[in-house]
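Reader: I would like to go through this model with you before I set up any calculations. Could we take it one residue at a time and then turn to the overall fold?

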Amino acid sequence: MNGPLIVIRADASYAGGTGHIMRTLALAQEWISRGGRCVYLCAILPATMEQRLLKECCSIAKLSAQPGSAEEAIETSEQLTALRPHWLLIDSYPLTKSYQSLLQCPQRTKIANISDFGPEDVHQPDLVIHPNIANDIDYSSLAETSRILAGPNYILLRSEIQRDQLKAVSNKAEQLLITMGGSDPEEAAAQLCQQLSSSEHDVSIRVILGPAYPSNGDMYQLNHSSIEIVVSPSSMKQQYEWADTIICSPSTTALEAAHYGLPIGLIITAGNQRQVLKSMLENRTALLLGDARQQPSMFDNLETLIQSTERRNIATSAAKLVDGLGSKRICDVMGLPHISMRAATMDD
């Protein structure tokens with residue numbers, strides 16, 4: 001009850017997706033497992049995501065002001081003054097550098113940022129976390145007091161999806177998992193299923209619909225014997241273990257799939273995915289299928305993803321890069337050590 005407190009400022013929504021909440025949750029899980037406490041400050045949070053955070057023993061404080069506004073900065077500052085956390089972790093694109101400059105933090109509170117694009121994401125942080133396969137962004141313009149953790153060693157993966165073992169990858173897909181994030185505003189999954197259902201591939205398809213996907217979405221209008229729909233599964237680990245191939249956006253999900261050593265096809269659904277896309281393609285850990293924002297969308301490289309020798313090369317490269325220990329390394333740096341206990345022996 002008196003453990004070190006981390007406050008996480010992040011949101012989830014239909015338009016913005018759930019990635020910021022889900023990747024910060026990986027750090028929250030590790031923090032809590034070491035005896036710490038976690039409070040989420042959220043301006044926008046779907047009910048399903050709220051229940052998920054509560055289940056993980058996180059507390060939630062709701063903000064009423066527009067995310068990223070001056071009013072919200074004041075509201076957040078008031079919460080920080082009352083909570084007096086050891087760390088404030090910020091992960092949300094609307095929470096810009098100018099917004100961060102308005103925050104008033106208690107003297108002992110340190111600030112950490114999850115940054116995807118570079119120094120323009122942050123304002124005088126104590127710690128910057130760039131969780132991506134590539135370590136190719138220059139943060140040297142930041143103050144020397146800002147510590148930078150960048151690259152695949154700091155990719156954030158939640159505890160419940162850590163792999164047990166790697167599966168052998170064949171030259172042909174048999175079980176294809178499609179997951180386009182928490183909301184899929186571009187209806188990328190529906191577009192892809194329509195294209196696949198008209199092909200001659202004998203593949204079982206499972207589509208994951210996230211907690212922010214609308215009840216009148218296009219996926220619910222599809223009716224095909226080879227397509228199974230799973231809504232907000234309690235564990236993505238079971239889905240990754242079922243699949244031998246995956247199609248997703250260049251996001252946290254793609255990094256999770258890389259950890260499982262799956263052949264990955266990427267579909268762009270938002271402009272902020274370019275950095276993950278670039279690093280995965282350069283490291284040959286995925287194939288680019290297309291951009292769901294282009295109408296009409298026709299996805300390329302499906303043949304290569306579903307049946308080719310290239311599948312094995314993609315899967316092997318991906319699994320080597322993402323070991324799933326990023327949260328542990330970050331908590332070590334943030335000063336919350338892992339303490340284990342065992343029975344004393346005569347050698348002691």
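Reader: To begin, how exposed is Arg 84?

Author: The model is a predicted one. In it, Arg 84 is partly exposed, because its relative accessible area is 41%, which lies between the limits of 20% for buried and 50% for exposed.

Reader: Where does Arg 84 sit along the chain?

Author: Arg 84 belongs to the loop that runs between helix 3 (70–83) and strand 4 (87–90).

Reader: And what is its backbone like; which sign does the phi of Arg 84 have?

Author: The phi of Arg 84 is positive, about 50 degrees, although the residue is not a glycine. Most residues other than glycine have a negative phi.

Reader: Now Arg 284: what is its phi?

Author: Arg 284 has a positive phi of about 55 degrees, and it is not a glycine either.

Reader: Which elements flank Arg 284, and is Arg 284 buried or exposed?

Author: Arg 284 is placed in the loop between helix 8 (274–282) and strand 13 (287–291). Its relative accessibility is 64%, so Arg 284 counts as exposed.

Reader: Back to Arg 84 for a moment. Which residues does Pro 106 touch, leaving out those up to four places away in sequence?

Author: Pro 106 touches Leu 80, Thr 81 and Arg 84 under that condition. Pro 106 itself lies in the loop between helix 4 (97–102) and strand 5 (110–114).

Reader: Why does Pro 106 count as buried?

Author: Pro 106 counts as buried because its relative accessibility is 9%, and the cut-off for buried is under 20%.

Reader: How far is Pro 106 from His 86?

Author: Their C-alpha atoms are separated by 9.2 Å, with their positions 20 residues apart along the chain.

Reader: Let us change topic to strand 1. What does Val 7 touch?

Author: Not counting residues up to four places away in sequence, Val 7 touches Val 39, Leu 41, Leu 80, Leu 83, Pro 85, Trp 87, Leu 88 and Leu 89. Val 7 is found in strand 1, residues 5–9. With a relative accessible area of 0%, Val 7 is buried.

Reader: And what is the separation between Val 7 and Leu 149?

Author: Val 7 and Leu 149 are 19 Å apart, C-alpha to C-alpha, and 142 residues apart in sequence.

Reader: What about Arg 147; where is it found, and what is it in contact with?

Author: Arg 147 is found in strand 7, which covers residues 147–150. Apart from neighbours within four places in sequence, Arg 147 is in contact with Asp 126, Leu 127, Val 128 and Val 333. At 48% relative accessibility, Arg 147 counts as partly exposed.

Reader: Next, Gln 273: is it buried or exposed?

Author: Gln 273 is buried, with a relative accessible area of 7%. Its place is in the loop between strand 12 (264–268) and helix 8. Among the residues that Gln 273 touches, beyond those up to four places away in sequence, are Ser 249 and Pro 250.

Reader: One more residue. In which helix does Glu 50 lie, and how accessible is Glu 50?

Author: Glu 50 lies in helix 2, residues 47–55. Glu 50 is partly exposed, at a relative accessible area of 23%. Setting aside neighbours within four places in sequence, its contacts are Leu 45, Ile 60 and Lys 62.

Reader: Thank you. On to cavities: how many of 30 Å³ or more are there?

Author: There is one cavity of 30 Å³ or more. The largest cavity holds about 40 Å³ of space.

Reader: Which residues line the largest cavity?

Author: Its lining consists of Lys 167, Ala 168, Val 169, Asp 244, Tyr 260, Gly 261, Leu 262 and Pro 263. Five of these lining residues are nonpolar, one is polar and two are charged.

Reader: Finally, the overall fold. How many helices and strands are there, and what is the radius of gyration?

Author: The protein chain has 11 helices and 13 strands. Its radius of gyration is 21 Å, which agrees with the value near 20 Å for a compact globule of 348 residues.

Reader: What percentage of the residues is buried, and what does the exposed surface amount to?

Author: Buried residues account for 54% of the 348 residues. The protein chain exposes about 16000 Å², and carbon and sulfur atoms supply 48% of that area.

Technical notes:
Residues are numbered from 1 along each chain as its sequence is written. This is a predicted model: local features need pLDDT of at least 70, side-chain atom pairs count only at pLDDT 80 or more; totals for chains, interfaces and linings use all residues. Side-chain values use heavy atoms; hydrogens and water are left out. On a 1 Å grid over the protein atoms alone, a cavity is a set of points where a 1.4 Å probe fits but cannot get out, and a pocket is an open set with protein on both sides within 12 Å along at least five of seven lines; lining residues have an atom within 4 Å of a point. Grid points are joined across faces, edges and corners, and a volume is the space filled by probe spheres set on the points. Ala, Val, Leu, Ile, Met, Phe, Trp, Tyr, Cys and Pro count as nonpolar, Asp, Glu, Lys and Arg as charged, and the others, Gly among them, as polar. Helices (H or I, at least four residues) and strands (E, at least two) are DSSP runs, numbered from the N terminus. The radius of gyration is taken over C-alpha atoms; the globule rule is 2.2 Å times the number of residues to the power 0.38. Buried means under 20% relative accessible area, exposed over 50%, partly exposed in between (1.4 Å probe, protein chains only). Accessible areas come from the Shrake-Rupley method with a 1.4 Å probe; for residues, only the protein chains shown count as cover. Contact means heavy atoms within 4.5 Å.
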